[in-house]
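The following report describes the architecture of one protein chain. It proceeds from a helix and its surroundings to individual residues.

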Amino acid sequence: MDADVPGTVLKRERTRDAVLELIESRSPGDAIPSERALCALLGVSRPTVRAAVDELVAAGLLVREHGRGMFVAPAKITQELVAGDRALGVPQAAGAWSSRLLEFTTLQAGARVGRKLRMSPAAEIVYVARLRLVDGAPMAIEHLHIRAELVPGLSAQELESGDLYEHLRATHGVHVHEAVQAIEPTVVTRAEAGLLDVPELSPALLFERLTSDTTGRPVEYVHSLYRGDRYRIVSRLALGSAAEVAPDLEGHHPGIPPGDFAHGDAITSSTRGDIQAGG
């Protein structure tokens with residue numbers, strides 16, 4: 001990992017990805033290097049490593065054992081929600097959504113993101129960190145990783161206003177079609193709490209999404225942190241035939257900014273979310 005990677009948010013992000021790479025290369029119960037060893041290995045400060053490790057411990061991916069070290073946590077149990085095979089169009093969400101750009105740069109994908117996007121670790125991606133707001137109040141922190149060759153000339157203005165996927169379609173000719181998304185509970189770190197205006201260790205929802213275009217090519221990998229006190233998930237399960245179940249077009253698909261997948265594009269998913277009134 002480059003020690004001179006610019007930006008505080010990006011440095012934390014790259015440190016987190018590097019530790020995740022170590023976790024994913026090991027089995028549950030295996031040890032990972034100490035924080036001191038990770039500092040030397042990654043070329044970052046102890047507070048940066050500790051923040052990344054704390055986040056992964058809180059997310060249930062690492063276990064600390066006093067006097068022994070850190071170990072890969074036991075594998076999680078996965079519950080799959082299924083609502084049938086029909087595609088779900090994503091409607092506009094309630095409230096006025098906007099973005100504040102935290103970081104915007106081009107860099108190498110690295111091993112973990114490269115695997116997800118099916119590209120070389122040395123290939124370039126556009127990395128974006130942005131704060132999502134609803135009616136001016138912070139709602140989520142998004143970390144976007146987009147294939148650089150698909151978005152030449154992508155500007156900060158495109159990422160701060162309007163719909164990202166509409167910009168990809170209209171400006172760059174990228175038609176998103178399908179997204180696979182995982183959702184799990186977590187808590188916010190001190191840095192995340194400051195951005196979201198909530199207490200440290202407040203509950204949150206972690207979304208990981210891989211978006212593909214109409215050819216099946218991965219376009220974007222995103223992980224987002226949504227406030228647990230203002231955001232909830234509603235699942236609709238199809239218990240009868242398609243003819244008996246009327247689609248509900250209200251609400252907001254979790255983790256996907258409102259208005260994305262517009263103009264007839266759709267995703268296959270079984271969950272949707274909305275904003276809780278009054279928090």
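In this predicted model, the cover over the buried residues of helix 4 includes helix 1, strand 4 (97–108), strand 5 (124–134), strand 6 (137–147), strand 8 and strand 9 (218–227). The residues of helix 4 (residues 110–117) that are buried are Gly110, Arg112, Val113, Gly114 and Leu117. Arg118 follows helix 4 and has a positive phi, near 55°.

**Helix 1 and its partners**

Helix 1, one of the elements covering helix 4, comprises 17 residues (residues 8–24). From its first C-alpha to its last, helix 1 reaches 24 Å, which is close to the 24 Å expected at 1.5 Å a residue. Of the 17 residues of helix 1, 12 are buried, so this helix is largely enclosed by the rest of the structure. The buried set consists of Val9, Leu10, Glu13, Arg14, Thr15, Arg16, Asp17, Ala18, Val19, Leu20, Leu22 and Ile23. Charged side chains are therefore represented in this set alongside aliphatic ones, as the names Glu13, Arg14, Arg16 and Asp17 beside Val9 and Leu10 show.The axes of helix 1 and helix 4 come within 8 Å and cross at roughly 75°. This angle makes helix 1 roughly perpendicular to helix 4, because values from 65 to 115 degrees fall in that class. The contact involves Arg14, Arg16, Asp17, Leu20, Glu21 and Glu24 on the side of helix 1, and Gly110, Ala111, Arg112, Val113 and Arg115 on the side of helix 4.

Helix 1 also packs against helix 3 (residues 46–58), with axes that come within 9 Å and cross at roughly 55°. Helix 1 and helix 3 are therefore oblique to each other. The crossing of helix 1 with helix 3 is right-handed. Here Lys11, Arg12, Thr15, Arg16, Val19, Leu20 and Ile23 of helix 1 meet Thr48, Val49, Ala52, Glu55 and Leu56 of helix 3.

**Buried residues in the strands**

Three strand residues illustrate how positions separated along the chain are placed in space. The table gives one C-alpha pair for each of them.

| Residue | Partner | Separation along the chain | C-alpha distance |
|---|---|---|---|
| Ala204 | Glu184 | 20 residues | 8.7 Å |
| Leu144 | Phe104 | 40 residues | 9.5 Å |
| Trp97 | Val134 | 37 residues | 4.6 Å |

Ala204 lies in strand 8, one of the elements that cover helix 4. With a relative accessible area of 3%, Ala204 is buried. Apart from its neighbours within four places in sequence, Ala204 is in contact with Glu184, Pro185, Thr186, Val187, Val188, Leu225, Tyr226, Arg227 and Gly228.

Leu144 belongs to strand 6, and its relative accessible area of 2% makes it buried. When neighbours within four places in sequence are left aside, the contacts of Leu144 are Val126, Tyr127, Val128, Arg130, Leu164, Glu220, Tyr221 and Val222.

Trp97 is found in strand 4. Its relative accessibility is 15%, so Trp97 counts as buried, the cut-off being under 20%.

**The loop between helix 7 and strand 8**

Two residues with positive phi occur in the loop that joins these elements. Asp197 is located between helix 7 (190–196) and strand 8 (203–213). The phi of Asp197 is near 60°, a positive value in a residue other than glycine. Asp197 has 62% relative accessibility and so counts as exposed.

Leu201 lies in the loop between helix 7 and strand 8 as well. Its phi is near 70°, again positive in a residue other than glycine. At 55% relative accessibility, Leu201 counts as exposed, whereas Ala204 in strand 8 is buried.

**The chain as a whole**

The protein chain contains seven helices and 11 strands. Buried residues account for 46% of its 279 residues. Among contacts with a separation of 6 or more, 64% are between residues 24 or more positions apart. The chain exposes about 13,400 Å², of which carbon and sulfur atoms supply 53%.

Methods
Residues are numbered from 1 along each chain as its sequence is written. This is a predicted model: local features need pLDDT of at least 70, side-chain atom pairs count only at pLDDT 80 or more; totals for chains, interfaces and linings use all residues. Side-chain values use heavy atoms; hydrogens and water are left out. Helices (H or I, at least four residues) and strands (E, at least two) are DSSP runs, numbered from the N terminus. The expected span of a helix is 1.5 Å times one less than its number of residues. Buried means under 20% relative accessible area, exposed over 50%, partly exposed in between (1.4 Å probe, protein chains only). Contact means heavy atoms within 4.5 Å. Accessible areas come from the Shrake-Rupley method with a 1.4 Å probe; for residues, only the protein chains shown count as cover. Axes are lines fitted to C-alpha atoms, for helices over the stretch in contact, and angles run from 0 to 180 degrees between N-to-C directions. Angles under 35 degrees count as roughly parallel, over 145 as roughly antiparallel, 65 to 115 as roughly perpendicular and the rest as oblique. A crossing is left-handed if the near helix is turned anticlockwise from the far one by less than a right angle, and right-handed if clockwise.
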